[in-house]
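Here is a short report on one protein chain. Keep the structure in view while reading.

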Amino acid sequence: MTANKRVFIVGGVAGGASCAARLRRLDERAEIVLLDRGPYVSFANCGLPYYVGNVIQDEAKLLVATPELFHRRFNIEVRTQNEVLAIDRGAREIEVRDLNSGRVYRERYDVLILSPGAAAIRPTLPGIDLPGIFTLRTVPDSRRIREWILERSARRAVVVGGGFIGLEMAENLVHRGIEVTIIEMANQLMPPLDPEMAEFVRRRLQTRSHQLQLGDAVAAFESRPEGGLTVRTQKGGAFPADIVILAIGVRPETSLARDAGLEIGLRGGIHVDDQMRTSDPNIWAVGDAVETRSVVTGTPEMIPLAGPANRQGRIAAEVIAGRDSRFRGLQGTAVCGFFGLVVAMTGATEKSLKRAGVTDFQAVYLHPGHHVDYYPGAKPIHFKLLFNPKDGRILGAQAVGEEGVERRVDVIAMAMQLGGTVFDLEEAELCYAPQYGAAKDPVNVCGMVAANVVRGDVELADWSSLRNTSALILDVRDPGEFKNGTIDGAINIPLGQLRERQSELSHDREIWISCGVGQRAYYACRLLTQLGFKARNLSGGYESYRAFYPHPAI
């Protein structure tokens with residue numbers, strides 16, 4: 001890079017701040033200026049719900065880096081409360097307003113990096129601007145929520161949205177002694193998950209007595225004469241609240257790029273190549289405002305996560321400094337914790353595969369303990385692994401449980417990054433001691449179960465076709481287990497009696513086999529297939545059945 005090149009970065013936090021710091025480490029001579037319209041240039045926005053909940057009590061702990069630190073450590077000029085109004089691409093100039101003084105000025109750039117982030121969605125509904133309705137994206141947002149709770153002695157809250165932020169906010173409001181109602185427009189919580197995996201989340205919240213309104217959308221907000229708000233839904237619900245949190249997603253901040261004539265992608269984010277360069281060769285973009293391709297499907301994606309934003313900032317800095325670095329794409333590895341439950345995922349879901357037109361995949365389900373059963377305290381992990389049935393390539397994983405969830409998903413995420421297959425999971429050598437895992441770790445078991453399918457050792461039945469199949473449903477659990485609940489219409493022949501009672505089965509009718517969590521059904525499939533029967537495994541057994549077809553009382 002030539003001396004005195006002027007680099008302006010619009011927006012801080014994960015993408016912009018990491019880009020600035022990385023670029024300085026690679027180029028000591030560049031003039032680097034970071035502009036942010038907010039009061040803080042680098043803060044831990046993932047920690048904001050926990051500041052609201054008083055888990056994090058000191059606001060200063062949320063501030064990752066200050067303008068003074070950037071100047072002292074990196075010789076980077078940071079101007080907070082400075083909003084970029086326009087980009088003049090022809091003159092290579094930006095127009096900026098100092099929000100403190102109102103002064104509007106222009107700056108010339110050689111290189112421009114856009115990191116404007118994404119804004120919380122506030123739908124245009126009746127009453128949306130009433131006092132007491134909040135979104136959460138910044139430190140000032142969290143401060144206003146905390147102050148409202150204290151000033152109004154809030155006791156009832158409505159959280160609109162049952163995704164990552166919505167559930168984290170619900171947990172933190174409960175932590176402050178506030179009664180919470182969650183309203184989610186989709187028919188499931190955690191919309192990024194496949195529905196049957198989200199059922200485990202619903203059960204947890206149901207057991208904690210939180211009011212859930214699924215499959216319903218907010219219609220309006222109204223003031224209550226005695227104070228507070230009423231949240232009305234499209235299905236006629238009316239929920240009183242002292243405070244409302246909108247957690248229905250984010251929208252990429254692309255107005256600056258649009259007005260400058262930069263290309264916008266198919267999903268509505270700023271279009272960039274794999275070096276984070278926009279359609280203008282002198283302008284890069286990173287973070288929540290950009291769309292990049294999925295490493296699994298190759299389709300454009302926008303996934304607002306801090307990890308990818310940080311890496312994109314580093315990639316942009318390296319390219320600007322002359323290196324041939326490239327962003328590999330979005331994998332969507334994420335984790336969320338609430339009410340003692342951990343949800344983690346990586347790669348594609350079944351929903352996203354179908355949306356992308358991918359049909360050549362299969363899924364296995366399993367429910368192993370996070371460590372060996374004989375050591376006290378084993379907790380189940382509910383797993384779904386998606387893979388290509390021809391070559392075993394891993395396409396995605398979802399897991400829900402109380403312990404050890406994120407560690408297993410991280411292992412699968414790295415295997416995916418290296419182009420791994422289910423056979424690699426089967427052979428993975430992982431840490432083992434009784435209190436931490438098993439000789440066959442849940443990751444190994446995922447690989448083994450899926451590898452059995454790829455090798456042709458077992459065929460899978462389709463849970464979604466259960467209600468319409470003409471196959472015989474065979475439950476191979478013991479009679480006591482069968483009596484306590486089974487798949488509708490199933491017959492019971494315990495695994496230990498199957499050889500002696502095979503004459504009760506027909507070679508002319510397909511048999512779908514279930515057990516508790518899938519292991520005994522696999523044994524039964526192997527037995528019957530070698531005896532000439534047409535057998536398929538209902539992966540994950542009765543535990544998976546309850547997730548696909550939940551009883552209203554569960």
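## A helix pair

In this predicted model, helix α1 (residues 13-26) and helix α8 (residues 306-320) approach each other, with axes that come within 7 Å. The two axes cross at roughly 35 degrees. The crossing of α1 past α8 is right-handed.

Which residues of α1 take part in the contact with α8? They are Ala-14, Gly-15, Ser-18, Cys-19, Arg-22, Leu-23, Arg-25 and Leu-26. On the α8 side, the residues met are Ala-306, Ala-309, Asn-310, Gly-313, Arg-314, Ala-316, Ala-317, Glu-318 and Ile-320.

## From Gly-313 to Gly-298

Gly-313 of α8 is one of the residues met by α1. Gly-298 sits 15 residues from Gly-313 along the chain, and their C-alpha atoms are 21 Å apart.

Gly-298 belongs to the loop that links β22 (290-293) and β23 (300-301). Its relative accessibility is 42%. The band between 20% and 50% is called partly exposed, so Gly-298 falls in that class.

## The open parallel sheet

An open sheet contains 5 strands, paired in parallel. Their order is β5-β2-β1-β9-β21. The edges are β5 (77-80) and β21 (283-285). Each edge strand has a single partner, so one side of each lacks a neighbour in the sheet. On average, neighbouring strands here are turned by 15 degrees against each other, direction ignored.

Inside that order, β1 (residues 6-10) runs parallel to β9 (residues 111-114), and 4 bridges join them. Ile-9 faces Ile-113 of β9.

## The β24-β25 hairpin

Strand β24 (residues 334-338) and strand β25 (residues 341-347) are antiparallel partners, with 5 bridges between them. Cys-336 has Val-343 in β25 as its bridge partner. The two strands make a hairpin with 2 residues between them.

The faces of β24 differ in cover. Ala-334, Cys-336 and Phe-338 lie on the covered face, while Val-335 and Gly-337 lie on the uncovered one. Cys-336 thus combines a place on the covered face with a bridge to Val-343.

## Two positive phi values

Phe-339 lies in the loop between β24 and β25. Its phi is positive, about 50 degrees, although Phe-339 is not a glycine. Is this turn residue buried or exposed? Phe-339 has a relative accessible area of 7%. The cut-off for burial is under 20%, so Phe-339 counts as buried.

Asn-54 also has a positive phi, near 70 degrees, and is likewise a residue other than glycine. Asn-54 is placed in the loop between α2 (48-52) and β4 (63-65). At 29% relative accessibility, Asn-54 is partly exposed.

## The whole chain

How many helices and strands does the chain hold? There are 15 helices and 32 strands. The radius of gyration is 27 Å. The globule rule gives 24 Å for 554 residues, and the two values are close, so the chain is as compact as a globular protein of that length. Along the principal axes, the C-alpha trace spans about 90 × 65 × 40 Å.

Of the 554 residues, 53% count as buried. The accessible surface comes to about 24300 Å². Carbon and sulfur atoms account for 48% of that surface. Among contacts between residues at least 6 apart in sequence, 63% join residues at least 24 apart.

Notes:
Residues numbered from 1 in each chain as written. Predicted model: local features only at pLDDT ≥ 70, side-chain atom pairs only at ≥ 80, totals over all residues. Heavy atoms only, no water. Pairing = 2+ DSSP bridges. Axes fitted to C-alpha atoms, helices over the stretch in contact; angles between N-to-C directions. Rg over C-alpha atoms; globule rule 2.2 N^0.38 Å. Buried < 20%, exposed > 50% of the residue type's maximum accessible area, 1.4 Å probe, protein only. Contact = heavy atoms within 4.5 Å. Areas by Shrake-Rupley, 256 points an atom, 1.4 Å probe, with all protein chains shown as cover. Left-handed = near helix turned anticlockwise from the far one by under 90°.
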